[in-house]
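Colleague: Could you take one part of this model and look closely at how its helices pack? After that, I'd be glad if you followed the contacts outwards.

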Amino acid sequence: MNISEKILAKASGKTLVHPGEIVDANVDMVMAHDLTGPLAVEAFKRIGVDHVWNNKKIVIILDHQVPAESVKAAELHKMLRKFAKEQNIRLYDVGKGGICHQVMPEKGHVLPGTLIVGADSHTCTYGALGAFATGIGSTEAAAVFATGKIWLKVPEAIRINVKGRFQKYVTPKDLILSIIGLVRADGAAYKSVEFAGSTIRGMSVAGRMTLCNMTVEMGAKNGIVAPDVVTRKFLERRIDKPLASFKSLRSDVDASYVKVMELDVTGLEPQVACPSSVDNVKPASELSNAPIEQAFIGSCTNGRIEDLQLAAQILKGKKVKDGVRAIVIPASQEVYSQALKEGLMEIFTDAGAIVCGSACGPCLGGHIGLLASGETCVSTSNRNFIGRMGSTEANVYLASPATVAASAVTGRITDPRELETTKT
Amino acid sequence: MKVKGVAIKFGDNVDTDVILPGKYLVLMDPKDLAKHAMAGLDPDFPEKAQKGVIVVGGKNFGCGSSREQAPLALKYAGVQCVVAEFFARIFFRNAINIGLPVIECRGISAAVETGDEVSVDFEAGEVLNLTKGQTLRGTKLPPFILEILSDGGLVENLRRRLSKR
């Protein structure tokens, strides 16, 4: 079996599972946020059970419309706080957490080999730590709150072996964008995507999270990286009990895949997904005539400390071009605090970027930093669909923190390596 | 379970941001959501859907965000079911869970035009274009999913199953 099959077999009490088989699985952790949680709470109440199945295995995180941007949002937050209190569920409130997909791994809620479902499509991010994690809707989250169980079809798997070293200013974001460009937006529909190879082994948890995060943009059910020493180091300081061995959590040599891709990142250039689909991918160097009005660095895809460090490296001593708004949003309070300590916030503010509190921000067009018609934004987030970040007549380009930072300086989409050349 | 209605056809990769833009996610009443169904593609859609239409989609229908508000908006706007080449998995589950029937049917995009009268037999897994007199074979839903749909959604299904215990 491959690693995803092994986790699903364990979760459903079986020794073997096959792609296409429907299993009734026990969930180890379920998450909902402020935009999916309220419907889940309503559905839970209609199911007619008094108590959740296990209050220690449910987490609610306020991250989308925070701090509350309207009375409506405030009421929804109030409702979630009340539910969490009644059921004694852990809720990460405004200022205590940040973006759900950053908070879950950071606070030790994601362990290798576990089955995690979340009422958010980017729940697949947690595969970076060797969990089987997938997105569900609100009603299904309510059903899990009540029963702890979910039916899942065992997915077919695609394996992506990656080798080679990234060039300077080329990042895991560029890798996943190039993969989505190859696989297309529907190419991994219903499937599991497993990342392996020397490049992945040498990659930080942050980079692996960026990869797994965007597997849903090619339709995947989950993205996953076999846990290793990097995973162990990340988790050791975040959980209070000893970490179980996860030696068996790797794909067998005879595991089956519907497709195996062999990639080499050595020659990979900075990549950009152009409007208005994530698989419309081109090298940044080919887009240098595209002017921008907004640059956004943040989100569950690229709002981690490593991302901010990279952006700061480029913005240090430079100015955000007149006519461009640069918005920086650390993915969590922990990232925010670390960025402060490292002096990154000073670099951003000195450059003329605005730094906002940890939340999803402009990524989904629900709160701050929305776009007007005819405007263009280059963003480190994960979706560039029509209307995603505001007006249906705005354009969104997706890129790495390095490309977005470089573009903020020049006012047009810019290969970050171009700035290096002009310096020398 | 059978459904009949006039088709409104969309293309490939219809995402949940165009089905229901993020700014409307704070609306809790499905009737309010329905007013913005398909806002990203056709602002007149809610008016057209009122009569009880069948949405025909291409590949990867409902991709993107897990927002259940997307199928809810379609259902309350008057959509009776969605037939697509294939669905994004979260949308597929969400639709079933809120009681909006969905069926995969390869070849549907080429076989149906907006305005055609279409009927769907979910038990048989058959889609009929009554206007053109053509029958297409869809993917049959497993019995437990048909049961969720005939109960009206997952909440109702769970209520029934839990009360039997």
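Modeller: Happy to, and let me begin with handedness: a crossing is left-handed if the near helix is turned anticlockwise from the far one by less than a right angle, and right-handed if the turn is clockwise. Please keep in mind that this is a predicted model. Its scores are ipTM 0.96 and pTM 0.97. For chain B, the mean pLDDT is 96, and 100% of the residues reach 70 or more.

The part I'd pick is helix 11 of chain A, residues 305-315. Consider helix 14 of chain A (residues 401-410) as its partner: the two axes come within 8 Å and cross at roughly 30°. Angles under 35 degrees count as roughly parallel, so helix 11 and helix 14 of chain A are roughly parallel. In handedness, the crossing of helix 11 of chain A and helix 14 of chain A is right-handed. On the helix 11 side, the contact is made by A:Asp307, A:Leu310, A:Ala311, A:Ile314 and A:Leu315. Facing them from helix 14 of chain A are A:Pro401, A:Ala402, A:Val404, A:Ala405, A:Ala406 and A:Val409. Sorted by class, this contact of helix 11 with helix 14 of chain A holds 10 nonpolar residues, no polar ones and one charged.

Helix 11 of chain A also packs against helix 13 of chain A (residues 344-351), at an angle of about 45° and with the axes 9 Å apart. Helix 11 and helix 13 of chain A are therefore oblique to each other. The crossing of this pair, helix 11 and helix 13 of chain A, is left-handed. From helix 11 of chain A come A:Leu308, A:Gln309, A:Ala312 and A:Leu315, and they meet A:Leu344, A:Ile347, A:Phe348 and A:Ala351 of helix 13. Seven nonpolar residues, one polar and no charged make up the contact of helix 11 with helix 13 of chain A. A:Leu315 is worth a click in your viewer, as A:Leu315 is listed in the contact with helix 14 of chain A and also in the contact with helix 13 of chain A.

Now let's step back to the whole chain. The domain assignment splits chain A into domain 1 (3-264) and domain 2 (273-423). Their C-alpha centres lie 25 Å apart. The contact between them uses 33 residues of domain 1 of chain A and 29 residues of domain 2 of chain A. On the domain 1 side, helix 4 (100-106), helix 6 (172-183) and helix 8 (205-213) of chain A each supply at least two residues. Helix 6 of chain A gives the largest share of that side, six residues. By class, the side of domain 1 of chain A that touches domain 2 has nine nonpolar, 15 polar and nine charged residues.

A few backbone details in chain A deserve your attention too. A:Tyr169 has a positive phi of about 70° although it is not a glycine, and A:Tyr169 sits in the loop between strand 8 (157-163) and helix 6 of chain A. The peptide bond from A:Pro275 to A:Ser276 is cis, with omega near -10°. You will find A:Ser276 in the loop between strand 12 (271-273) and strand 13 (281-283) of chain A. Another cis peptide bond joins A:Val66 and A:Pro67, with omega about -20°; A:Pro67 belongs to the loop between strand 3 (58-61) and helix 3 (71-87) of chain A.

Finally, the other chain. In the contact between the chains, 33 residues of chain B touch 42 residues of chain A. Helix 1 (16-19), helix 5 (89-97) and helix 8 (154-164) of chain B are the elements that give two or more residues to the chain B side. That side of chain B has 15 nonpolar, 10 polar and eight charged residues. Between the chains, helix 2 of chain A (residues 37-47) and helix 8 of chain B have axes that come within 9 Å and cross at roughly 30°, and they are therefore roughly parallel to each other. Helix 2 of chain A passes helix 8 of chain B in a right-handed crossing. There A:Ala43, A:Arg46 and A:Ile47 meet B:Val155, B:Leu158 and B:Arg159. This contact of helix 2 of chain A with helix 8 of chain B has four nonpolar, no polar and two charged residues.

How values were computed. Residues numbered from 1 in each chain as written. Chains lettered and ligands numbered in written order. Predicted model: local features only at pLDDT ≥ 70, side-chain atom pairs only at ≥ 80, totals over all residues. pLDDT = per-residue confidence, 0-100. Contact = placed C-beta atoms within 7 Å. Helix = DSSP H or I, 4+ residues; strand = E, 2+ residues; numbered from the N terminus. Nonpolar A, V, L, I, M, F, W, Y, C, P; charged D, E, K, R; others polar. Axes fitted to C-alpha atoms, helices over the stretch in contact; angles between N-to-C directions. Parallel < 35°, antiparallel > 145°, perpendicular 65-115°, else oblique. Domains from an automatic or database assignment.
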